[in-house]
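Thanks for sharing this one with me. Here are my notes, set out as numbered points to read alongside the coordinates.

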Amino acid sequence: MMLLGLLGLLFAFGFVFNLVQDPIQVAEAGVGGCIALAALGGFAFLWRKAREEDRLLAWLDEHQGQGHLDYQGVPITEDSELYVHEVVVSFLVVTLKEEVVSLDPARARWNDLWCSLISLSFGWWTFPRGPLVTIASITRNHVGAGRASLSERLAAWRAEAGRLADGGALKKPDGEVQG
């Protein structure tokens with residue numbers, strides 16, 4: 001997600017720089033501006049989805065054990081499944097893959113579309129790994145989004161929150177903190 005924001009900022013800087021250097025070459029600068037807008041829009045989408053997942057998991061953590069739950073009109077049980085979509089972003093030598101999670105099947109199709117569009121636009125910029133991972137990610141998104149158990153995702157979220165609360169230190173099996 002941060003790589004996409006960085007790409008957006010770099011292309012925005014290049015757009016402004018090109019306009020200042022040669023205002024007549026607006027079309028050439030416009031390509032960089034369009035890439036900057038797409039990258040920053042993709043960054044905003046991924047950032048919003050990450051915050052939504054955090055809010056959902058925090059809400060579930062608060063309301064655990066209360067029986068039948070309803071989150072934004074979607075019924076939730078311990079066995080509920082989350083739809084997991086992949087987004088690939090590459091630049092030079094780095095290829096990153098992130099997940100976007102949705103609970104609502106109606107939103108899952110839109111998330112699939114946006115994740116695939118971002119991957120198609122920014123996933124292939126590393127060779128040879130970028131195009132391969134991008135094709136695999138888009139295929140996975142369109143053939144059928146991955147599924148994750150709500151209880152598994154909540155347990156992973158709690159473990160991450162616990163690790164961050166300890167300052168990122170890892171615990172050894174005997175309870176001693178290392179790092």
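1. Starting with the surface: the protein chain exposes an accessible area of about 10900 Å², and 64% of that belongs to carbon and sulfur atoms. Please keep in mind throughout that this is a predicted model. Of the 179 residues in the protein chain, 35% count as buried.

2. On the overall make-up, the protein chain has five helices and seven strands. Their order along the sequence reads α-α-β-β-β-β-α-α-β-α-β-β. Take contacts in the protein chain between residues at least 6 apart in sequence: 65% of them join residues at least 24 apart.

3. Next, the sheet I spent my time on. Three strands form an open sheet in the order E4-E3-E5, and their pairing is antiparallel. Strand E4 (94-102) and strand E5 (146-149) are the edge strands, each pairing on one side only. From one strand to the next, the twist averages 40°.

4. A closer look at one pair in that sheet: nine bridges link strand E3 (residues 81-91) with E4 in the antiparallel sense. If you want a place to check the register, Val87 has Glu98 in E4 as its bridge partner. As a general reminder, strands of a sheet pair through backbone hydrogen bonds, either parallel or antiparallel.

5. Which helices meet these strands? Helix H2 (residues 26-62) lies across E3 and E4, and runs at about 45° to E4. Helix H3 (residues 105-122) also packs on the sheet, where it touches E3 and E4; the direction of H3 makes about 10° with that of E3.

6. Now for some backbone details. Most residues other than glycine have a negative phi, and most peptide bonds are trans. Against that background, the peptide bond joining Phe127 and Pro128 is cis, with omega about 5°. Pro128 sits in the loop between H3 and helix H4 (129-143).

7. Gln72 deserves a look too: its phi is near 50°, a positive value in a residue other than glycine. Gln72 belongs to the loop between strand E1 (69-71) and strand E2 (74-76). Is Gln72 buried or exposed? Its relative accessible area is 56%, and exposed means over 50%, so Gln72 is exposed.

8. Leu92 also has a positive phi, of about 55°, although it is not a glycine. Its place is the loop between E3 and E4. With a relative accessible area of 59%, Leu92 is exposed.

Key:
Residues are numbered from 1 along each chain as its sequence is written. This is a predicted model: local features need pLDDT of at least 70, side-chain atom pairs count only at pLDDT 80 or more; totals for chains, interfaces and linings use all residues. Side-chain values use heavy atoms; hydrogens and water are left out. Two strands pair if DSSP finds at least two bridges between them. Helices (H or I, at least four residues) and strands (E, at least two) are DSSP runs, numbered from the N terminus. Axes are lines fitted to C-alpha atoms, for helices over the stretch in contact, and angles run from 0 to 180 degrees between N-to-C directions. Contact means heavy atoms within 4.5 Å. Buried means under 20% relative accessible area, exposed over 50%, partly exposed in between (1.4 Å probe, protein chains only). Accessible areas come from the Shrake-Rupley method with a 1.4 Å probe; for residues, only the protein chains shown count as cover.
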